[in-house]
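Visitor: I should like a close look at a single part of this chain, one helix and its surroundings. Please set it in the context of the remaining structure as well.

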Amino acid sequence: GGGARAILPKMAAKQRAGRRAAREAGAEAEAEQVLPLQAVVVADSFNRRFFPITKDQPRALLPLANVAMIDYSLEFLTATGVQETYVFCCWMAQKIKEHIQKSKWSRPTSPNTIHVMSSESYRSLGDVLRDVDAKSLLRSDFVLIYGDIVSNINLSKALEEHKARRKIEKNVSVMTMIFKESSPGHRTRCQEDDVIAAIDSKTSRVLHYQKTHELKKFRFPMPMFQSNRDEIEIRYDLLDCHISICSPQVAELFTDNFDYQTRDDFVRGILVNEEILGNQIHAHVTSDEYGVRVSNLLMYEAVCSDIIRRWVYPMTPEMNFTDDEKGFNVHLRHNLYRGSEVSLGQGSVMEENVVIGRGTIIGTNCFITNSVIGHNCIIGDNVKLDQAYIWNNVYIGDGVDICRSVVCSEVEVKPGVILNERCVLAYNVVVGPNVTFPEGTVVSLHLPDEEEDEDEFSDDAAANSTPSKAKAKGYNKAEVGSQGVGYIWKVATELECEDDELAQDIWGLTLKSESGSESESEASVDSQEIDSRSVSPQLDDAKVFHNEVLGTLQRGMEENISCDHLVLEINSLKYAYNITMKDVIQITINVILDIPLQTHGAGASAAQYSNTLISLLKKWAPVFKNYIKRTADHQTCLASFEEFFTEHEVLWPALVKALMALYQLEVLAEETILAWFSQNASTEKGKKLRKHQGLQKFIKWLEEAEVESSEGED
């Protein structure tokens, strides 16, 4: 079909030119009246990343904290003012249609009118936009997203900027890409999506854009630096939210360049190959809002936990997208959300960050933490769920232990089954009893060798693949258990990659460092840090905050950054990781008490330690003063000192010098030091610390100073 397609555009070009002229004339007139904001949702990923789960359910309908992914996308668009949305789907389009027809989006009261467009011929984002152009669906600027975007970004400012740019220079800017500031290695950064971008600081025009995956060097086009631009930013801290504001020309440009399949092709076409002249792309960067594409199970896990921890506010688990009348019972302190008619047996504990859907019954003595359980599930006794994502109508027998795994709807897990990390039980399988599944096992009712290249995307693929030939083969009881129903998939690492995607498994990148040699010598600290983080995306926020503060202060020493700037950086980290003021004080103090040990090694003498520490305290006194203001802050600070020094008895002489310094710098007040000293120590070490001669002398000196000063006042 390539040849035929190549000729067609030439013939169609004339008709289109006429159509366009008419449309532009109409657009001029329409520009006067304000048009409703439109959006295009591509509800298909055009890849098999979520196979075998997506053999039974399209990705847009997979539940995320018990709400279908596409509902987050539609909620985001509606909240940002979109009034008309076209949802394009190919794989299992009927299911997506039905879902939307049953949802609140189809009611007459819905502020956003949804049209579902389906066709088996869509194979890429490019096909969708060419169809949008052919059908002339869009009248003005529109928002373009995928059906698996979770975001609370308010686009109004970006839309205004986009419209203003198009007004000033007639239609030169065709797209505004939305990015979120996010430091490399943050767990909601999908590594496959790491990009490096060059942006003109003044105009926000994107000059260069490149995926950085596994590249060691980057090339930038020379002309970028030679023109008379005042300032160019090279940004490596941007997360591509996969949200774009497009002008209607974008669809036309996809028609003209019919080999473009993805948005990346389009961006490359404009920026790199300059095949399209005279058009520009701009960027809008948000810092404190949330926008992520759920592109693999690692991202699924990260986004799910962010929703539960209310980082995507107002999209929280109790927001009730589905308008379930009965609603949720919410316990905010530990982020526990219980649907209606949930029963929890005696002795069962929900620790923190747990969502339980309506009608679910949980047995006795279960322990559940950081997990989501869907609607109408039955969970036996003594079950342990840690980072488990259990969908709807699942049965889990007694004594089951599930760690960091996904269990799809209608699955039966017989008693005594253990799922280690990253297991996936796809729809309708049965496993057990008493089987332990090693890390990364995927079980599905579909045979792993069913090659369906022909009808991979068509609706009837699912219907055809009845496991008839499967039955002949029989299930391997040794693998799935004596009552098991399902096949173990050897997760193919080499999937056919569309969308320029790298070969990955369902969980995203498999992070193995390259053949030892290079990685030991050359890999920099941060690349190792990123690796360890992406493998355990649930490193708690305090730990990440600790590392970030350490990095900030070390840079502060090396580059002599002013205290004001350090405070700004620590504050922005505080918001980014949702850390309380008390934790900020504790963590910052721990970091500072730790730096001299890093400098001199763990065996540092008290003298070496205290010299380094005192110089840091003097240098950063303004930072402390900024955070240590109320009496409670003073107490937190002293408690952190005590906690650190009880662990390092050798360094006790340094404690006295440090307290003296903080007293003289007026960071700590004498009454709070005296109050802390006179408190009863909770530990043996603490009692011993208070008996330390140097400390006692210092306290005595303080008491005398206090007496003198009060006499002086009389």
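Guide: The account below begins with helix α2 and then moves outward to the cores, a second helix pair and some backbone features. The model is predicted. The chain has 714 residues, of which 53% are buried, and it holds 24 helices and 33 strands. Among contacts between residues at least 6 apart in sequence, 60% join residues at least 24 apart.

Helix α2 covers residues 69-79. Ten of its eleven residues are buried, so the helix is largely enclosed by the rest of the structure. The buried residues are Met-69, Ile-70, Asp-71, Tyr-72, Ser-73, Leu-74, Glu-75, Phe-76, Leu-77 and Thr-78. After α2 comes Gly-81, which has a positive phi near 105 degrees.

One packing partner of α2 is helix α3, residues 93-102; the two axes are 11 Å apart and the angle is about 55 degrees. Angles of 35 to 65 degrees fall outside the parallel and perpendicular ranges, and α2 and α3 are therefore oblique to each other. Their crossing is right-handed. From α2, the residues Ile-70, Asp-71 and Leu-74 meet Ile-96, His-99 and Ile-100 of α3. By class, this contact of α2 with α3 comprises four nonpolar residues, one polar and one charged.

Ile-70 also takes part in the largest nonpolar core, which has 106 residues; Ile-70 is among those with the most contacts inside this core, together with Leu-64, Ile-243 and Phe-266. Helix α9, residues 297-308, gives the most to the core, namely eight residues. Leu-64 illustrates how distant parts of the sequence meet: leaving aside neighbours within four places, Leu-64 is in contact with Met-69, Tyr-72, Val-150, Val-294, Tyr-300, Val-303, Cys-304 and Ile-307. Two of these partners, Met-69 and Tyr-72, are buried residues of α2. Another core, of 60 residues, lies apart from the largest one and includes Ile-570, Tyr-577, Tyr-609 and Val-623.

Tyr-609 leads to a second helix pair, in which it is one of the α18 residues that meet α17. The axes of α17 (residues 581-600) and α18 (residues 606-619) come within 9 Å and cross at roughly 135 degrees. That angle makes α17 oblique to α18. The crossing is right-handed. On the α17 side the contact involves Ile-592, Leu-593, Ile-595, Pro-596, Leu-597 and His-600, and on the α18 side Gln-608, Tyr-609, Thr-612, Leu-613, Leu-616 and Leu-617. The contact of α17 with α18 has nine nonpolar and three polar residues, and no charged residues.

Some backbone features complete the picture. Most residues other than glycine have a negative phi, and most peptide bonds are trans. The bond between Phe-51 and Pro-52 is cis, with omega about -5 degrees, and Pro-52 sits in the loop between β1 and β2. A cis bond also runs from Gly-432 to Pro-433, with omega near -5 degrees; Pro-433 belongs to the loop between β30 and β31. Asn-353 has a positive phi near 55 degrees and lies in the loop between β18 and β19. Its relative accessible area is 6%, so Asn-353 is buried. Gln-387, likewise not a glycine, has a positive phi of about 55 degrees; this residue is placed in strand β24 and counts as buried at 12% relative accessibility.

Note on methods
Residues numbered from 1 in each chain as written. Predicted model: local features only at pLDDT ≥ 70, side-chain atom pairs only at ≥ 80, totals over all residues. Heavy atoms only, no water. Axes fitted to C-alpha atoms, helices over the stretch in contact; angles between N-to-C directions. Helix = DSSP H or I, 4+ residues; strand = E, 2+ residues; numbered from the N terminus. Parallel < 35°, antiparallel > 145°, perpendicular 65-115°, else oblique. Left-handed = near helix turned anticlockwise from the far one by under 90°. Contact = heavy atoms within 4.5 Å. Nonpolar A, V, L, I, M, F, W, Y, C, P; charged D, E, K, R; others polar. Core = buried A, V, L, I, M, F, W, Y, C linked by side-chain atoms within 4.5 Å. Buried < 20%, exposed > 50% of the residue type's maximum accessible area, 1.4 Å probe, protein only.
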